[in-house]
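Me: I would like to learn how to read a few features of a model. Please take them in turn.

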Amino acid sequence: ALDRALRIARLTHRTTRVVHAWSAPAPVVTPLSTPFVFDAQLRDQALHTASCLLEQEIAAGLERAGYDVAGPVLGLLREGLAPAVLAEAAEEAAVVVLGTRAHGRVTALLGTAVPHLLHRATCPVLVVPERAAAGEPFRRVVVGFDGSPSAQAALRWALDVAHADPTQLVVLRATDERRLPSPWAHVRQSAAELRAEVVACDPRAEHADVQLVPGNADTVLPSAAGPEDLLVVGSRGRGGLKGMLLGSVSAYCVSNPIATVAVVRADGKPVELRLDESSALAD
């Protein structure tokens with residue numbers, strides 16, 4: 001996640017904020033234990049350990065990047081649980097970059113921070129698989145497009161990425177209709193009609209590779225992007241239930257990551273990767 005955030009920051013001349021959430025060690029209490037007093041010295045030791053870890057990780061990330069970083073790289077150390085700390089830090093970010101596993105404990109594949117940020121962050125959230133070559137350019141940017149507001153936002157953001165780090169853009173639509181009713185339901189269309197709809201959404205997509213692919217979106221999209229690709233999806237597509245922040249397709253893509261996955265919300269704050277005011281944020 002740090003390697004990918006540093007690359008995005010270099011391409012877009014942004015500040016990278018590397019966030020580390022720490023908490024004081026909890027005592028192990030048994031019925032025979034003596035009362036535990038967590039004094040200031042122990043807290044200071046925990047804070048010092050967290051600070052050293054953050055400095056070491058930033059230094060290692062800069063070394064992997066060859067120190068070729070355009071903007072400042074700042075460490076942000078906050079006491080608290082990672083989901084809450086990252087959600088607060090993400091309020092001023094242009095993009096949040098997360099790994100798929102939590103550190104130092106046995107967790108589910110995504111840990112605890114990723115689902116929390118996907119529901120809380122108003123900016124795009126990038127989820128980087130553990131084995132991704134995150135310091136290299138993406139081979140392709142693949143975006144799912146079903147015409148919904150979230151998909152339109154995802155297409156525009158994917159175009160920003162593809163233009164910032166010149167990369168092939170592939171726009172996919174699954175041809176099988178979703179089972180749930182939708183205000184964006186449409187008749188089956190030809191590839192030419194899909195291209196016209198995509199270009200109408202953003203003229204920069206004129207030269208994109210636009211494809212109609214048979215199958216359901218939750219099957220088509222994850223299998224269309226490999227470990228060297230970026231898969232961009234809207235937070236809620238045509239089949240999403242009203243009021244849900246994260247649709248089933250985007251949730252499935254993030255839960256089964258082969259490629260790096262970006263989730264873009266239509267109701268989020270308008271940000272573009274080409275601007276310089278905001279920062280990339282890495283956990």
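Reply: In this predicted model, buried residues account for 45% of the 283 residues in the chain. The accessible surface of the chain is about 14,400 Å², and carbon and sulfur atoms hold 55% of that surface.

Me: How many helices and strands does the chain have?

Reply: The secondary structure comes to eight helices and 10 strands. As for contacts between residues at least 6 apart in sequence, 80% of them join residues at least 24 apart.

Me: How far apart should the end C-alpha atoms of helix 2 be, and what does the model show?

Reply: The check rests on a rise of 1.5 Å a residue. Helix 2 covers residues 40-64, which is 25 residues, so it should span 36 Å. Its end C-alpha atoms are 36 Å apart, in agreement with that expectation. After helix 2 comes G66, which has a positive phi, near 70°.

Me: Which residues of helix 2 are buried, and what covers them?

Reply: The buried residues are A46, A50, L54, I58, G61 and L62. Their cover includes helix 1 (2-12), strand 1 (15-22) and strand 2 (73-79).

Me: How is empty space inside a model found, and how many cavities of 30 Å³ or more are there here?

Reply: A probe the size of a water molecule is rolled over the atoms, and this shows where empty space is left. Here the structure has two cavities of 30 Å³ or more. The second largest cavity has a volume of about 30 Å³.

Me: Which residues line the second largest cavity, and how do they divide into nonpolar, polar and charged?

Reply: The lining consists of P222, L231, C253, N256, P257, I258, A259 and V261. Seven of these residues are nonpolar, one is polar and none is charged.

Me: Take P222 from that lining. Is P222 buried or exposed?

Reply: The cut-off for buried is under 20% relative accessible area. P222 has a relative accessible area of 11%, so P222 is buried. P222 is found in helix 7 (residues 217-224).

Me: What is P222 in contact with, leaving aside its neighbours within four places in sequence?

Reply: With those neighbours left out, P222 is in contact with A217, L231, Y252, C253 and I258. Among these partners, L231, C253 and I258 also belong to the lining of the second largest cavity.

Me: How far is P222 from G144?

Reply: P222 and G144 are 78 residues apart along the chain. Their C-alpha atoms are separated by 9.8 Å.

Methods: Residues numbered from 1 in each chain as written. Predicted model: local features only at pLDDT ≥ 70, side-chain atom pairs only at ≥ 80, totals over all residues. Heavy atoms only, no water. Helix = DSSP H or I, 4+ residues; strand = E, 2+ residues; numbered from the N terminus. Expected span 1.5 Å × (residues − 1). Buried < 20%, exposed > 50% of the residue type's maximum accessible area, 1.4 Å probe, protein only. Contact = heavy atoms within 4.5 Å. 1 Å grid on protein atoms, 1.4 Å probe; cavity = no way out; pocket = protein on both sides within 12 Å on 5 of 7 lines; lining within 4 Å. Points joined across faces, edges and corners; volume = space filled by probe spheres on them. Nonpolar A, V, L, I, M, F, W, Y, C, P; charged D, E, K, R; others polar. Areas by Shrake-Rupley, 256 points an atom, 1.4 Å probe, with all protein chains shown as cover.
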